[in-house]
Amino acid sequence: MDFKYDVIVIGAGHAGCEAAAAAANLGSKTCLITMDMNKIGQMSCNPAVGGIAKGQIVREIDALGGYMGIVTDRTAIQFRMLNRSKGPAMWSPRAQCDRGKFIWAWREILENTPNLHIWQDTVEELIVENGEVTGLVTCWGVTFHAKCIVLTAGTFLNGLMHIGRKKLAGGRIAEPASYHLTESITRHGIIAGRMKTGTPVRIDGRSVHYELMETQDGENDFHRFSFMSEPRKLKQLQCWTCFTNEEVHKILREGLPDSPLFNGQIQSIGPRYCPSIETKIVTFPDKEQHQLFLEPEGETTQELYLNGFSSSLPMDIQLAALKKVPAFKDLVVYRPGYAIEYDYFDPTQLQHTLESKVIKNLFFAGQVNGTTGYEEAGGQGIIAGINAHINCHGGEPFTLARDEAYIGVLIDDLVTKGVDEPYRMFTSRAEYRILLRQDDADMRLTERAYKLGLVKQDRYEHLCSKREAVNSIIDFTRKFSIKAALINDALEHLGTARLTHGCKLIDLINRPQITIESIAEHIPSFKEMLNNITDRKEEIIEAAEVLIKYQGYIDRERMIADKIHRLEAIRIKGKFDYNSLNSLSTEARQKLIKIDPETLAQASRIPGVSPSDINVLLVLLGR
């Protein structure tokens, strides 16, 4: 074998898979190194993809030519669109997946990707020469050479697991940790830290009293994650919900002295928005119950995931507490929950391409950047893979702005603000979320990926066809005139006010009680036009309806984004000696020196840099 590559990706989790696939599909000779080929794309915690804002990221990965959406659709065993009661900017797809089939779907894709090799081994050391990464050495003594390396090691770097007072080294349960690699990176001046995450007990479904739980059914409409997928093929399953109670809480409180989170055993910070059950009862002592979600791990397995009961308490405490939940009175488990501590690297040391500012051609993606979640990892992975390829073969850096994608928001937050706890994406983090809807990720991103060469001709033609169909529907509604006498009975039937005079069809569709499909039943020519759409009709109609009903909001947000773009166009990197600018606040000087922002807009988003500091920089630029 020739161990020389353009791009090497370390770690085959969700970031690594997307990074390797992107670099290889763009034409780079790529190698994906993983400890275990049978754990490629492993869902270490809940076997679910998507959720609030996370679902939008997966749609964006798919629109860019990535694979997370396709793999999710192939292996989904329950699908739901969250936040349906809110506006379309908040709609977020989520799917429960078959954990085992998810792994093998990823393997099938990667093993059949041209330019991509897979090597099973553990990386122990990076080779850095003159401030530039040139290769690596594995635990088997194999030396690889590469033009670029993407590090996506997840929770494996010096990983340490906790169950009560018991500690065990590992990157995941029953899997070894990765040693020496962190030290081979930090010796070059890159700053590392420690974070913590956790996972709950896995339950034997044969021991559960389902009759004592509420069912939570999925949806079987046209919605999917990938813009290119066929309908879901696996059997669609139920999930269930129940609640803890005061008896459960009493047992958990009694176990707190042996909790690694509260006895000083764990020093690092865990995810704020996915707290352990022991954190919940301490943080919310007056809350009498907490909701739990019981979710299947696969289409045919009895293994169930207990969402909401993440814990690192001693095993006997976990089991005793759970048996006080009526549905779990005869509980049998496969294994208890546990916490894990691991190394991460301060993401403010990265450029927006996810390349290190310290070591040239070294990229970081996923949990090593202080994030949490498969989706956040996958979004970083595809950007890192694209830019690693560009560094090898030339071209302009590929980045996404905050008004272009949630992935852009994610990366800008990481490199500009840094992290002091595991970062999780929410719709509230995006100031332009009306522009970043899940329904239009392809409209926003696919053309950019096509010009890059990552999206192929068939997907691009599919986008053009969809865009033409959506525009045809909107044009029809703008031009078609409605006479009051011919439509009033239908309007009354649809629960909306009668017309006093004629109007355009678009004005009726703008009414909240009316949808395109409901009004089309009363306008034969409009119904005929919709019936002529043969491919993905429901998706196209939904996209057109969102644009019609929310066009005013979309236009207003675009205008605001365009104003901010003026600051994005003002480049300041290398123009100031911040240490000498006494007119800036001390905190602003310190933060600007540390981050060294590319543009004035990025500087304005740094915590501690005030509007008056930005005005000072504007004045100095004017001089």
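These legends describe an overall view and several close-ups of one predicted protein model.

The model is predicted, so local features need pLDDT of at least 70, side-chain atom pairs count only at pLDDT 80 or more, and totals for chains, interfaces and linings use all residues. Residues are numbered from 1 along each chain as its sequence is written, and side-chain values use heavy atoms, with hydrogens and water left out.

**Figure 1. Overall view of the protein.** The protein contains 21 helices and 21 strands; helices (H or I, at least four residues) and strands (E, at least two) are DSSP runs, numbered from the N terminus. Along the principal axes, its C-alpha atoms fill a box of roughly 80 × 75 × 55 Å. The radius of gyration is 26 Å, which agrees with the value near 25 Å for a compact globule of 623 residues; this radius is taken over C-alpha atoms, and the globule rule is 2.2 Å times the number of residues to the power 0.38. Of the 623 residues, 58% are buried. Here buried means under 20% relative accessible area, exposed means over 50%, and partly exposed lies in between (1.4 Å probe, protein chains only). The accessible surface comes to about 25800 Å², and carbon and sulfur atoms account for 51% of this surface; areas come from the Shrake-Rupley method with a 1.4 Å probe, and for residues only the protein chains shown count as cover. Among contacts (heavy atoms within 4.5 Å) between residues at least 6 apart in sequence, 73% join residues at least 24 apart.

**Figure 2. Domains of the protein.** The domain assignment gives domain 1 (4-447), domain 2 (457-556) and domain 3 (570-621). These bounds come from an automatic or database domain assignment. The centres of domain 2 and domain 3, taken over C-alpha atoms, are separated by 48 Å.

**Figure 3. Helix 2 and its surroundings.** Helix 2 (residues 54-63) is largely enclosed by the rest of the structure, because 10 of its 10 residues are buried. Charged residues are among them, including Lys54, Arg59, Glu60 and Asp62. The charged end of Arg59 sits over the ring of Phe227, 3.9 Å from its centre. A charge counts as over a ring if NZ of Lys or CZ of Arg is within 6 Å of the ring centre and within 35 degrees of the ring normal. Just after helix 2, Gly65 has a positive phi of about 100 degrees.

**Figure 4. Aromatic pairs.** There are 14 aromatic pairs in the structure. The ring centres of Tyr67 and Trp106 lie 6.0 Å apart with planes at 75 degrees, so this pair is edge-to-face. Tyr67 is in the loop between helix 2 and helix 3 (68-75), while Trp106 is in helix 4 (residues 99-111), 39 residues away along the chain. Tyr67 and Trp106 are both buried. In a second pair, the ring centres of Tyr450 and Tyr460 are 3.9 Å apart and the planes are at 0 degrees, so the pair is stacked. Tyr450 belongs to helix 11 (residues 441-452) and Tyr460 to helix 12 (residues 457-479), 10 residues apart. Tyr450 is partly exposed at 27% relative accessible area, whereas Tyr460 is buried at 17%. Ring pairs also join Phe3, Tyr5, Trp119 and Phe144 into a cluster. Rings of Phe, Tyr and Trp (its six-membered ring) pair if their centres lie within 6.5 Å; planes under 30 degrees apart count as stacked, over 60 as edge-to-face and the rest as tilted.

**Figure 5. Arg429 and Tyr423.** The ring of Tyr423 has the charged end of Arg429 over it, 4.2 Å from the ring centre.

**Figure 6. The site around Gln367.** Gln367 lies in the loop between strand 19 (362-364) and helix 9 (374-393). Gln367 is buried, with a relative accessible area of 19%. Not counting residues up to four places away in sequence, Gln367 touches Gly154, Thr155, Thr197, Tyr342, Tyr344 and Thr372.

**Figure 7. Two loop residues, Thr500 and Lys329.** Thr500 is in the loop between helix 13 (484-493) and strand 21 (503-504), and counts as exposed at 75% relative accessibility. The C-alpha atoms of Thr500 and Lys323 are 65 Å apart, with their positions 177 residues apart along the chain. Lys329 is in the loop between helix 8 (315-322) and strand 17 (333-335), and is partly exposed at 46%. Leaving aside neighbours within four places in sequence, Lys329 contacts His209 and Lys323.
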